[in-house]
Amino acid sequence: MNLVWKLLRQHISIPQFVGFFFANLFGMFVVLLGIQFYRDVLPVFTAEDSFMRADYLVMSKRIGTGGTLSGRSSAFTSQEMEQVAAQSFIKRTGTFTGNEFKVTAQMGVSGTNILHSEIFMQSIPDDFIDAPKADWTYKEGSAEVPVIVPRTYINMYNFGLAQSRSLPKISDGLVGMIDLNLSIRSSGAEVRSGNYKGRVIGFSNRMSEILVPESFMKWANQYYAPQNVPETTRLIVQVDNPADEQVTAFMDEHGYEWDTDRLNAEKTTYFLRLVVMLVMIVGLIISLLSFYILMLSIYLLLQKNATKLENLLLIGYSVGKVARPYQLLSLGLNCLVLLLALTGLWLVRNYYMDIIFTLFPQIEETTMMPAVTAGLILFALVTVVNYVAIQRKVKSVFFCQ
């Protein structure tokens with residue numbers, strides 16, 4: 001084997017093999033990065049809300065310039081709510097109830113104040129909240145109120161204060177670290193006030209307001225603002241299929257619209273898939289071109305050593321033994337490319353995963369198995385093709401003489 005290699009290694013073009021190596025490395029890295037990045041980032045857009053099912057959608061009236069200038073109300077009438085509930089594609093409906101009194105919230109984490117502002121609270125029927133009944137219950141007279149906090153609040157804390165001041169980051173399992181105090185004051189002639197302890201049971205991706213149990217909201221509105229009649233400006237509905245054409249036609253006909261957060265997430269996911277697919281196609285094209293460079297280099301090398309190859313075959317060396325040095329050369333280059341590509345991917349992934357975990361600490365950590373599997377498949381495919389192509393080329397050189 002050493003003698004065969006000494007005879008055949010002449011005429012090797014180092015620049016050609018270096019060109020193949022770096023082109024293949026770049027192509028392999030782009031493909032693996034696209035696959036791994038897609039698998040790591042996808043849960044950010046597709047993760048379901050912990051407290052609201054995917055088929056729950058929020059409905060409101062479309063607000064336009066004409067309606068604003070004319071002073072037309074954006075609240076649903078009882079007839080409109082009955083009409084919505086009567087649609088065949090809607091399973092059930094519920095109403096949002098907002099506070100008619102003033103609420104000031106003070107939120108802190110480990111003694112650090114992160115929010116002190118007047119806020120707006122809302123409630124929806126309890127059967128739309130996917131939480132244990134024992135956790136989502138308010139008894140009249142209690143000073144503790146269970147609440148669900150918008151995840152945007154926690155994201156701002158994790159990415160802002162926590163990162164700049166080396167404070168602990170909050171995840172779903174650490175909700176007990178949040179201190180939330182609610183100060184309520186009536187808005188009528190009779191001044192009434194009260195302080196309540198907010199017991200955070202979790203975070204919601206779908207809501208932009210603090211959610212409280214419906215029983216607390218009804219009692220508090222009656223006690224602190226009995227003179228005000230709450231208006232229903234949003235409905236929560238359960239539908240069979242959000243993409244049903246009947247749903248879209250009904251919404252357009254009556255000037256309603258869905259909460260766009262979920263629809264925007266679906267659009268973002270679609271464009272994420274599209275971008276990743278384009279990046280992977282570019283990477284595959286680069287890998288194919290590098291494969292072509294390798295095969296061209298080996299073919300030229302075989303052609304230059306055609307006489308030596310023929311002599312080796314004539315004195316009794318098999319086609320496999322003569323082709324093996326070139327096959328081992330391509331195998332070694334492919335192994336090195338795969339190892340370096342995975343190493344580079346590991347470094348880049350550590351960088352962007354730190355950012356993702358800072359913004360979305362609730363996301364579960366994934367592994368590099370998708371990229372490793374894809375890399376091994378590409379490595380095996382290229383190696384087998386190289387093996388067969390070199391074997392056939394050596395054989396053709398002998399029989400063409």
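Which strands do the buried residues of α6 pack against? Hold that one for a moment. First, a caution: this is a predicted model.

Some totals. The protein has 11 helices and 12 strands. It counts 401 residues, and 41% of them are buried. The exposed area is about 21200 Å², with carbon and sulfur atoms supplying 60% of it. Now take contacts between residues at least 6 apart in sequence: 82% of these join residues at least 24 apart.

Back to α6. This helix covers residues 214-224. Its buried residues are E214, F216, M217, W219, A220, N221 and Y224. They pack against β3 (97-98), β6 (121-123), β7 (144-150), β8 (178-185) and β9 (193-204).

Next, a sheet. Four strands make it up, and it is open. The order is β2-β11-β1-β12, with antiparallel pairing. At the edges stand β2 (90-95) and β12 (256-258). Each has a single partner strand, so one side of each lacks a neighbour in the sheet. On average, neighbouring strands here are turned by 30° against each other, direction ignored. As a reminder, strands of a sheet pair through backbone hydrogen bonds.

Look at one pairing inside it. β1 and β11 (residues 234-239) run antiparallel, joined by five bridges. For L57, the bridge partner in β11 is V237.

Two helices pack on this sheet. Helix α4, residues 78-85, touches β1, β2, β11 and β12. The direction of α4 makes about 150° with that of β2. Helix α7, residues 245-254, touches β1 and β12. Its direction makes about 130° with that of β12.

Stay on β1 for one residue. Is S60 buried or exposed? S60 sits in β1, which spans residues 56-61. Its relative accessible area is 16%. The cut-off for buried is under 20%, so S60 counts as buried. And what does S60 touch? Leaving out residues up to four places away in sequence, its contacts are F76, T233, R234, Y256 and E257.

Last, the surface. There is a nonpolar patch of about 670 Å². F271, L274, M277, L278, I281, I285 and L289 make it. One of them, M277, is found in helix α8, residues 260-304. Keep the helix repeat in mind when you look at that list. An α-helix has 3.6 residues a turn, so residues three or four places apart point the same way.

To close, two spots to find on screen: the edge strands β2 and β12, and the nonpolar patch that includes M277.

Conventions. Residues are numbered from 1 along each chain as its sequence is written. This is a predicted model: local features need pLDDT of at least 70, side-chain atom pairs count only at pLDDT 80 or more; totals for chains, interfaces and linings use all residues. Side-chain values use heavy atoms; hydrogens and water are left out. Buried means under 20% relative accessible area, exposed over 50%, partly exposed in between (1.4 Å probe, protein chains only). Contact means heavy atoms within 4.5 Å. Patches are made of residues with over 30% relative accessible area and no salt bridge: like charges are joined within 9 Å, nonpolar side chains (Val, Leu, Ile, Met, Phe, Trp, Tyr) within 5 Å. Accessible areas come from the Shrake-Rupley method with a 1.4 Å probe; for residues, only the protein chains shown count as cover. A salt bridge is a side-chain nitrogen of Lys or Arg within 4 Å of a carboxyl oxygen of Asp or Glu. Two strands pair if DSSP finds at least two bridges between them. Axes are lines fitted to C-alpha atoms, for helices over the stretch in contact, and angles run from 0 to 180 degrees between N-to-C directions.
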